[in-house]
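Hi everyone, thanks for coming. I'd like to walk you through one structure today, so have a look at the screen.

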Amino acid sequence: MADANVRIPTEARDRLAEIAASEGLSLRAYLARLADTLLTPAERAERAERARAVLREWNGYNPSEAEIADLDADLDRRLAEADTR
């Protein structure tokens with residue numbers, strides 16, 4: 001794998017290096033692992049669609065876009081409440 005240079009603020013680099021070290025990794029290894037474990041927006045959307053397809057087939061669950069938006073808003077509200085506790 002070829003290396004690349006990425007310009008970020010020194011404070012961000014130092015924080016990431018500290019996090020990496022706490023996990024016994026170099027910054028390079030930590031960032032490579034991070035890149036391998038995070039999903040792109042397209043990958044998240046694909047995974048969500050596959051999950052909805054499985055639920056439709058398994059139990060008929062097929063929410064409308066409005067229902068999905070309501071569920072997302074409810075989840076956002078609950079997360080915000082939990083964050084203030």
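I'll go through the pocket, then the salt bridges, then a patch on the surface.

Before we start, please keep in mind that this is a predicted model.

Okay, the pocket. How do we find a thing like that? Rolling a probe the size of a water molecule over the atoms shows where empty space is left. Here, the largest pocket comes out with a volume of about 480 Å³. Its lining is made of 17 residues, and the ones nearest the centre are A4, V6, L27, R28 and L31. Two elements each give two or more residues to that lining, namely α1 (10-22) and α2 (27-37). Which of the elements gives the most to the lining of the largest pocket? That's α2, with six residues. And if we sort the lining by class, we get 11 nonpolar residues, two polar ones and four charged ones.

Now hold on to R28, one of the residues nearest the pocket centre, and let's move on to salt bridges. Side chains of opposite charge can pair when their charged atoms come close. The cut-off here is a side-chain nitrogen of Lys or Arg within 4 Å of a carboxyl oxygen of Asp or Glu. How many salt bridges does that rule give? The count is nine.

R28 takes part in one of them: its partner is D3, and their closest N and O atoms are 2.8 Å apart. What I like about this pair is that it links distant parts of the chain, with R28 in helix α2 and D3 in the segment before α1, 25 residues apart. Are these two buried or exposed? R28 has a relative accessible area of 51%, so it counts as exposed. D3 is exposed too, at 59% relative accessibility.

Next, R13 and D14, whose side chains meet in a salt bridge at 2.7 Å, N to O. R13 has a relative accessible area of 40%, so we call it partly exposed. D14 is also partly exposed, at 38%.

Then there's helix α4 (residues 65-83), which is where you'll find R77. R77 forms a salt bridge with D74, and their closest N and O atoms are 2.5 Å apart. Why are the two separated by about one helical turn? Because they are three residues apart in helix α4. D74 is partly exposed, with a relative accessible area of 26%, and R77 is partly exposed at 41%. They aren't on their own, either: salt bridges that share partners join D74, R77, R78 and E81 into one network. To get a feel for where R77 sits, compare it with T10: they are 67 residues apart along the chain, and their C-alpha atoms are separated by 34 Å.

Last stop, the surface patch. Which residues make the nonpolar surface patch? They are V54, L55, W58, Y61 and L71, and the patch covers about 530 Å². Helix α3 (residues 41-59) supplies the largest share of the patch, three residues. W58 lies in that helix. Is W58 buried or exposed? Exposed means over 50% relative accessible area, and W58 has 66%, so it counts as exposed.

To recap: we had a pocket with α2 giving the most to its lining, nine salt bridges, and a nonpolar patch that takes its largest share from helix α3. Thanks for listening!

Technical notes:
Residues are numbered from 1 along each chain as its sequence is written. This is a predicted model: local features need pLDDT of at least 70, side-chain atom pairs count only at pLDDT 80 or more; totals for chains, interfaces and linings use all residues. Side-chain values use heavy atoms; hydrogens and water are left out. Patches are made of residues with over 30% relative accessible area and no salt bridge: like charges are joined within 9 Å, nonpolar side chains (Val, Leu, Ile, Met, Phe, Trp, Tyr) within 5 Å. Accessible areas come from the Shrake-Rupley method with a 1.4 Å probe; for residues, only the protein chains shown count as cover. Helices (H or I, at least four residues) and strands (E, at least two) are DSSP runs, numbered from the N terminus. Buried means under 20% relative accessible area, exposed over 50%, partly exposed in between (1.4 Å probe, protein chains only). On a 1 Å grid over the protein atoms alone, a cavity is a set of points where a 1.4 Å probe fits but cannot get out, and a pocket is an open set with protein on both sides within 12 Å along at least five of seven lines; lining residues have an atom within 4 Å of a point. Grid points are joined across faces, edges and corners, and a volume is the space filled by probe spheres set on the points. Ala, Val, Leu, Ile, Met, Phe, Trp, Tyr, Cys and Pro count as nonpolar, Asp, Glu, Lys and Arg as charged, and the others, Gly among them, as polar.
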